[in-house]
Amino acid sequence: MAFIDYYEVLGLKKNAGADDIKKAYRKLARKHHPDLNPNDKEAHKKFQQLNEANEVLGDPEKRKKYDLYGKDWEHSEQFEKARQQSAGSRRSYSPGADSGAGGFDGDDFSSFFSSMFGDQGGKSRQAKYRGQDYNAELTLSLTDAYTSRQQTMAVNGKNIRITIPAGVENGQVIKLKGYGAPGVNGGPAGDLYITFLINNDAKMKRSGNDLFMDTAIDLYTAVLGGEITIDTMAAKLKLKVTPGTQNGTQVRLKGKGFPLYKKEGQFGDLYVVFSVRLPVDLTDQQKELFTQLAALK
Amino acid sequence: MENNDLIPVDHFCVTHSIELSFITSLHQYGLVEITSIEEQAYLNESQLCDVEKFIRLHYDLDINLEGIEAIGHLLEKIKELQARHTHLQNRLGLYENL
C-alpha cells in the first residue's frame, strides 16, 4: 500500500481552504467523470482517486487525521490509542458537519484509504441509485463465432453462464441486465456490457455476414475446367471450375457465408476467389508442349 | 396500471431525493420521455440509466440543463463514431495481409 498524496491528486497546496478543495474537485471531476468518459478506464481510475481525495480533504475531521499522520498513516491507529490514553477522558475531535461534497458512488477506495478511514464513504444524498455498469471483453475465434455456444465467464468473482448467439461481430456489445454492481441504498443492480473481440483463426476473411476465401487452382484446371473441393466453415464443398477461369475470378456461393446474428438458419454468402498457380520446374516434355502451344497461337 | 416497464415519476423522485421539477425540465428539454396514464406521469424503465446519469451530472457536477443537453448530444455522437470506427476496423481487416 503506497501513500497517496491527496493534495497532489487535486493539484492543491497543503494550506488550501475548503472552497479551494471543493473548486478543484469539481473542476477535475467534470473532466474525469465516468459519465463523460464512457469506456475510458484511465478516466475512471483518475475519478476514483479524485473522489477519494475529496472524501478525505473535504471532511475536516478526516483531513485533520490525514494531515496529522501523513506518510505515517500505517501507525495512525497506534498513535491514536496512545494519544487517547494520555488525554484521559478528553475527546479527540468534535465531528464536523458532513461536508456534503462527494456524492459519487465512492466504492473501490484504495487500500490506503480503507486502512486509514475504514470503508466509510460519504454520501451527500441518501438516494437509491442503480448500481454501476460493468464492462468486460470476451475474445472468440472466428470459428467459435460461427456457432451458438454457451460460455462461463468470471465477472467480479461471480461465474456467469451466457449463451453467445452465432454470428456475433467483432466489437459488438451485448448487455446482460442486472449483472453489474449492486444498487446503492437498495437501488437496482447495474448491467454488464460484454464486448466481443473476434480473432480470425480461419483461412477466410469476414465482411459483415459474407466470407471471402482464396482458393488456389492449377493452370490446367483453370484452362480446361474441372471440379475442386473446398473447406468451408461448415463442411467440405465440391465446386465446379468453368473452363477459361482467370486469376482473381470470384464465385459467389449463396447462403454459405457467416450465420446472421439471432436469425437462425440464415447465412450470408461465401465468395471464393480463384488464384491460378502457374507450373514451375517444367520437364523438357512440358516445355516442348508449351512451346508448341505458343507456336499454335 | 400493470406495466413493469413504467416507473411513476413521483416515486422515482422520492427514491432519488430529487425535485419533480428536475424531471419536468428534462422532459421540456427533450431529454426524457414521460408517459401519462390517468393523470399519473411515468418514466420508461429503459430511460433509467440516462436519467440517473443526468441526475449525477446536475446534482454532483453542477451542470445546468443546457450543459446536460449539449453533453447528451456529444455522448451520442461519440457512440455513433465508436460504432463507425468498429465497423471500419472490421472492413479494414478484410484488406489486411492481402
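Q: In this predicted model, in which sense do β1(A) and strand β5 of chain A pair?
A: Happy to start with this pair. Strand β5 of chain A covers residues 192–199, and eight bridges link β5 with β1(A). One place to look is Thr139(A), whose bridge partner in β5(A) is Leu197(A). The sense in which β1(A) and β5 pair is parallel.

Q: Which strands are the edge strands of the open sheet with the order β1-β5-β4 in chain A?
A: This open sheet has three strands, and their pairing is mixed. From one strand to the next, the twist averages 30 degrees. An edge strand here pairs on one side only, and that description fits β1 (134–141) and β4 (173–176) of chain A.

Q: How are α2(A) and α3(A) oriented, roughly parallel or roughly antiparallel?
A: Let's turn to the helices. Helix α2 of chain A spans residues 18–32 and helix α3 of chain A spans residues 41–57; their axes lie 9 Å apart, at an angle of about 165 degrees. Angles over 145 degrees count as roughly antiparallel. Therefore α2(A) and α3(A) are roughly antiparallel.

Q: What is the handedness of the crossing of α2(A) and α3(A)?
A: To find the crossing in the structure, look on α2(A) for Ile21(A), Tyr25(A), Leu28(A), Ala29(A) and His32(A). On α3(A), the residues in the contact include Phe47(A), Leu50(A) and Leu57(A). The crossing of these two helices is left-handed.

Q: How many residues of the contact of α2(A) with α3(A) are nonpolar?
A: Among the residues that α3(A) brings to this contact are Lys46(A) and Asn54(A). By class, the contact has one charged residue and two polar ones. The nonpolar residues number eight.

Q: What percentage of the contacts in chain A between residues at least 6 apart in sequence join residues at least 24 apart?
A: Some background on the chain helps here. Chain A has nine helices and 11 strands, and of its 297 residues, 23% are buried. As for the contacts between residues at least 6 apart in sequence, the share joining residues at least 24 apart is 57%.

Q: Which helix gives the largest share of the side of chain B that touches chain A?
A: The contact between the chains takes 21 residues from chain A and 22 residues from chain B. On the chain B side, α1 (9–16), α3 (48–60) and α4 (65–95) each supply at least two residues. By class, that side has nine nonpolar, seven polar and six charged residues. The largest share, nine residues, comes from α4(B).

Terms used: Residues are numbered from 1 along each chain as its sequence is written. Chains are lettered from A and ligands numbered from 1 in the order in which they are written. This is a predicted model: local features need pLDDT of at least 70, side-chain atom pairs count only at pLDDT 80 or more; totals for chains, interfaces and linings use all residues. Two residues are in contact if their C-beta atoms, placed from the backbone, lie within 7 Å. Helices (H or I, at least four residues) and strands (E, at least two) are DSSP runs, numbered from the N terminus. Ala, Val, Leu, Ile, Met, Phe, Trp, Tyr, Cys and Pro count as nonpolar, Asp, Glu, Lys and Arg as charged, and the others, Gly among them, as polar. A residue is buried if 20 or more other C-beta atoms lie within 10 Å of its own, exposed if 12 or fewer, and partly exposed in between; C-beta atoms are placed from the backbone. Two strands pair if DSSP finds at least two bridges between them. Axes are lines fitted to C-alpha atoms, for helices over the stretch in contact, and angles run from 0 to 180 degrees between N-to-C directions. Angles under 35 degrees count as roughly parallel, over 145 as roughly antiparallel, 65 to 115 as roughly perpendicular and the rest as oblique. A crossing is left-handed if the near helix is turned anticlockwise from the far one by less than a right angle, and right-handed if clockwise.
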